[in-house]
Amino acid sequence: MRLLRTKLKILIPILLVITAISAAVFIRQQKKILVIEELETGNVYREIPVKTGDELSFQWEHSFEHIPWYEYYEIQKDGSFILHTIAVAGFGAGIPAEMDCKYRYEDGLVYMDEIESVFPQFNWINSQTALKNIKVNGELLIQGSDMPHHVKMVLRIRNGFEK
């Protein structure tokens with residue numbers, strides 16, 4: 001009986017430590033990191049923790065019409081992005097005008113709501129003039145001018161241990 005108690009006194013703390021380490025590893029793996037990097041070199045420009053339900057928004061200036069263009073996405077559990085809304089000051093070259101969504105006019109902008117298109121990540125060739133900024137939950141993350149002009153960029157979500 002005494003031997004059993006001694007073994008339990010040793011075994012229980014070891015099991016508790018193993019359980020705590022396993023829980024910490026699991027939680028870290030569940031953590032989402034939003035990354036903006038150069039596609040070809042992997043040079044990272046921004047890296048911040050995010051969570052499911054956070055809003056990601058892009059503000060652009062249309063290259064030909066020179067009107068503002070806003071896109072509003074929600075970060076999904078799987079790390080993808082769902083496009084809910086586009087807002088533009090008018091219509092012209094390349095601006096979707098016949099989408100199957102709800103339209104409203106507010107504060108000088110046309111809003112296209114309930115688009116619900118899914119994007120696994122964003123790949124683009126950066127324009128320091130066209131991309132005004134990227135925000136997370138309304139807070140500035142990066143401006144287009146903070147990244148090199150005419151370079152392939154990627155914005156994606158990675159999990160805790162990924163690199």
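A nonpolar core is a set of buried Ala, Val, Leu, Ile, Met, Phe, Trp, Tyr and Cys residues joined through side-chain atoms within 4.5 Å. With that term in hand, the tour of this predicted model can begin.

**The whole chain**

Display the chain as a cartoon and follow it from the start of the sequence. The secondary structure comprises one helix and twelve strands. Along the sequence the pattern reads α-β-β-β-β-β-β-β-β-β-β-β-β. Now switch to a surface view: the chain exposes about 10300 Å², and carbon and sulfur atoms supply 57% of that area. Of the 163 residues in the chain, 36% are buried. Among the contacts with a separation of 6 or more, 55% are between residues 24 or more positions apart.

**The nonpolar core**

Select L34, I36, L56, F58, W124, I134 and L155. These are the residues with the most contacts inside the largest nonpolar core, which has 29 residues. Next colour residues 81-88, which form strand β5; this strand gives the most to the core, with four residues.

Keep L155 selected and show what surrounds it. Leaving out residues up to four places away in sequence, L155 touches L34, V35, I36, L56, F58, F81, Q121, F122, W124 and I134.

**Salt bridges**

How many salt bridges does the chain contain? The count comes to nine, and the following stops visit some of them.

Select E40 and K152. Their side chains meet in a salt bridge, with N to O at 3.3 Å. The pair links distant parts of the chain: E40 lies in the loop between β1 (32-38) and β2 (44-50), while K152 belongs to strand β12 (residues 152-159), 112 residues apart. E40 is exposed, because its relative accessible area of 64% is over the 50% cut-off. K152, at 40%, is partly exposed.

Move along strand β12 to R158 and add E47 to the selection. The closest N and O atoms of this salt bridge are 2.6 Å apart. This pair also links distant parts of the chain, with R158 in strand β12 and E47 in strand β2, 111 residues apart. Is R158 buried or exposed? R158 is buried, because its relative accessible area is 5% and buried means under 20%. Its partner E47 is partly exposed, with a relative accessible area of 41%.

Now select D54 and K51, whose closest N and O atoms are 3.2 Å apart in another salt bridge. D54 counts as buried at 7% relative accessibility, whereas K51 is exposed, with a relative accessible area of 52%. Then turn to a further group: R104, E106 and D113 are joined into one network by salt bridges that share partners.

**A closer view of D113**

Stay with D113 as the last stop. D113 is placed in strand β7, which spans residues 109-113. Its relative accessible area is 14%, so D113 is buried. Which residues are in contact with D113, leaving aside its neighbours within four places in sequence? Show H84, T85, C101, K102 and R104 to display these contacts. R104 therefore appears twice at this stop, as a contact of D113 and as a member of the salt-bridge network, and D113 can be viewed there as a charged residue's partner with a relative accessible area that makes it buried.

Technical notes
Residues numbered from 1 in each chain as written. Predicted model: local features only at pLDDT ≥ 70, side-chain atom pairs only at ≥ 80, totals over all residues. Heavy atoms only, no water. Helix = DSSP H or I, 4+ residues; strand = E, 2+ residues; numbered from the N terminus. Buried < 20%, exposed > 50% of the residue type's maximum accessible area, 1.4 Å probe, protein only. Contact = heavy atoms within 4.5 Å. Areas by Shrake-Rupley, 256 points an atom, 1.4 Å probe, with all protein chains shown as cover. Salt bridge = Lys/Arg side-chain N within 4 Å of Asp/Glu carboxyl O.
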